[in-house]
Every structure is written in C-alpha cells, then in structure tokens.
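Let's take a walk through this model together, starting with how far to trust it and ending where its chains meet. Have the view open and turn it as you read.

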Amino acid sequence: MSGPSSMRTPLARVRNLGSSHTGTGDFWRQRVTAVAMALLIIPVIVVVIMLLGRNQAGAAQILGSLPIAVILLLFIIASTWHMKIGMQVVIEDYVQNEKLKIASVMANNFFCFVVALASIYAILKLSSGV
Amino acid sequence: MALSIVHRATGIALYFGTLLLAWWLIAAASGPTAYANVQAFTGSVIGKLIVFGYTWALMHHLLSGIRHFVWDLGYGFKANEREALTWGALVGGISLTILIWIIAYAVGGGR
C-alpha cells in the first residue's frame, strides 16, 4: 500500500500515526482501560475486604461466585492491558539501545500476558469449583 | 511539583505488585496449603508493608490518573489549578489509603 508505487502522498501516509507508527490506538486503549478500572475499583476493594481473614475454603467460595468472578476478570483484563501499555511507554522513553528496547518490549508483553492468563485461569478454576 | 514522575513510579510499582495479586488468586485456586503461605506472607511485617505500599500506589495512581484525565479534557492548566490537582492527588491518595486500611481492619480484623 505504501510502497514506491503508492499514489498516496508522504504526508497522507504518516498523518495521525505519530512516532509509534501505529497511531493513537495505545493512547486510546490506555484511557479506556483506565476508566474501566476507575469504575471497577470500589467493587474490587469491597471483594478484597470481604476475603480478609478467611481461610482458603471461605475465600474460594466467595471468589467462585459469578458476579465477583466477573468483576475480577474485568479488572484483571483492564489492569494487565493498561500496565502493558504503560510499561511500554516507560521502556520507549528510557531504553535507547534498539535491540535492548525490542527485547524489553517483548519481555513486557510476556510478563503482562502471563500475569493475565494465570489470574484468569485461577478465577475460572475457582468458578468451576474443581 | 514534579508529580508526573510519581505517577510513573507508582505505575511501575503496581506493575510488579500484580505478581502478589496473581499469586494470591492462584493460591486460592490451588488449595489450603498454598493459600496459607500467602496469608503467612501478607500477615508478616514485610508483607503488610508491601500491601500497604501497594494500596497507596494504587490510590495515588488512580487520583493522579484522574488528574491526567482532567488535562486530557482540556481543563486545569492554570498554575493554581495544577497545584490544586497535584495536592488533591497527594493528600487524597494518602487519605484513601488510610481509610481503606481502617475499614479493612474494622471488617476483616474480627474474622
């Protein structure tokens, strides 16, 4: 599309993309996930306080209930996505070496994905009661 | 006030703090022994300090983030408004943290 034979002007090719070359997608998603967490934070704190001082059986029962599982799943998805974007911004700001930057961004993706998947799996396991 | 770096620092702290959250959920799904290990850690002095720090980082990052939203919407750029937002996030973050811990002890302490 944007090869030498393209009829698009150089300006049209870069317009709205910015220095990340992928446009404002991450900027927008960072804010969407932030709003999601701002809305979810009170229910999440209530859930955590509900679990204080309980043993595993009591905690598992609470965490396995449908509304609480959904609240936590939403919060986990929003937070891991948000922190992936946030840490990438930090890496891109401070890591100057290109190879190290790519490795760091990749490690960031792995970290956030592992945290997300492990937490989601744990909640689904608690919900299914196995 | 150089608070934007605190927003970033609390964000990085929360990033690694999610490991604790993930560990806690995995332990709850794993069984009584694993869960008791988490409780032993969060009940220790160091564990409590970390969770307290995590609570503050979360509350500060939340309020500081709302401050960024105000700016995104095009408000709060005057010097006095910037000062007010900054102090609001700083004082609000500490106040909410203490409030949450008071409620946590009042509700969970008796169990």
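The paragraphs below cover confidence, the make-up of chain B, the contact between the chains and the nonpolar core.

Please keep in mind that this is a predicted model. In chain A the mean pLDDT is 91, and 91% of the residues score at least 70. That confidence varies along the chain: of the elements of chain A, helix H5 (residues 98–128) has the highest mean pLDDT, at 97, while helix H1 (residues 10–14) has the lowest, at 80.

Now turn to chain B. Its secondary structure consists of four helices and zero strands, so to speak an α-α-α-α order when read from the N terminus. What are the spans of the C-alpha trace of chain B along its principal axes? They come to about 55 × 25 × 20 Å. The radius of gyration tells a related story: chain B has 17 Å, whereas a compact globule of 111 residues would have a value near 13 Å. Of those 111 residues, 23% count as buried. If you look at the contacts in chain B with a separation of 6 or more, 69% of them are between residues 24 or more positions apart.

Next, bring both chains into view. How many residues of chain B are in contact with chain A? There are 24, and they touch 25 residues of chain A. On the chain B side, H1, H2, H3 and H4 each give two or more residues, with H1(B) providing the largest share, 13 residues. By character, this side of chain B divides into 17 nonpolar, five polar and two charged residues.

Finally, look for the largest nonpolar core, which has 35 residues. In soluble globular proteins, nonpolar side chains tend to be buried together. Here the core draws on both chains: the elements giving two or more residues are helices H2 (25–51), H3 (56–63), H4 (66–94) and H5 of chain A, along with helices H1 (4–30), H2 (32–43), H3 (45–72) and H4 (79–108) of chain B. H1(B) supplies the largest share of this core, eight residues. The residues with the most contacts inside the core are Leu63(A), Ala122(A), Ile123(A), Leu126(A), Leu25(B) and Ala28(B).

Ile123(A) makes a good place to zoom in. Leaving aside neighbours within four places in sequence, Ile123(A) is in contact with Leu63(A), Ala69(A), Leu72(A) and Leu73(A), and also with Leu25(B) from the other chain.

How values were computed
Residues are numbered from 1 along each chain as its sequence is written. Chains are lettered from A and ligands numbered from 1 in the order in which they are written. pLDDT is the predictor's confidence in each residue, from 0 to 100. A nonpolar core is a set of buried Ala, Val, Leu, Ile, Met, Phe, Trp, Tyr and Cys residues joined through C-beta atoms within 7 Å. A residue is buried if 20 or more other C-beta atoms lie within 10 Å of its own, exposed if 12 or fewer, and partly exposed in between; C-beta atoms are placed from the backbone. Two residues are in contact if their C-beta atoms, placed from the backbone, lie within 7 Å. Ala, Val, Leu, Ile, Met, Phe, Trp, Tyr, Cys and Pro count as nonpolar, Asp, Glu, Lys and Arg as charged, and the others, Gly among them, as polar. The radius of gyration is taken over C-alpha atoms; the globule rule is 2.2 Å times the number of residues to the power 0.38.
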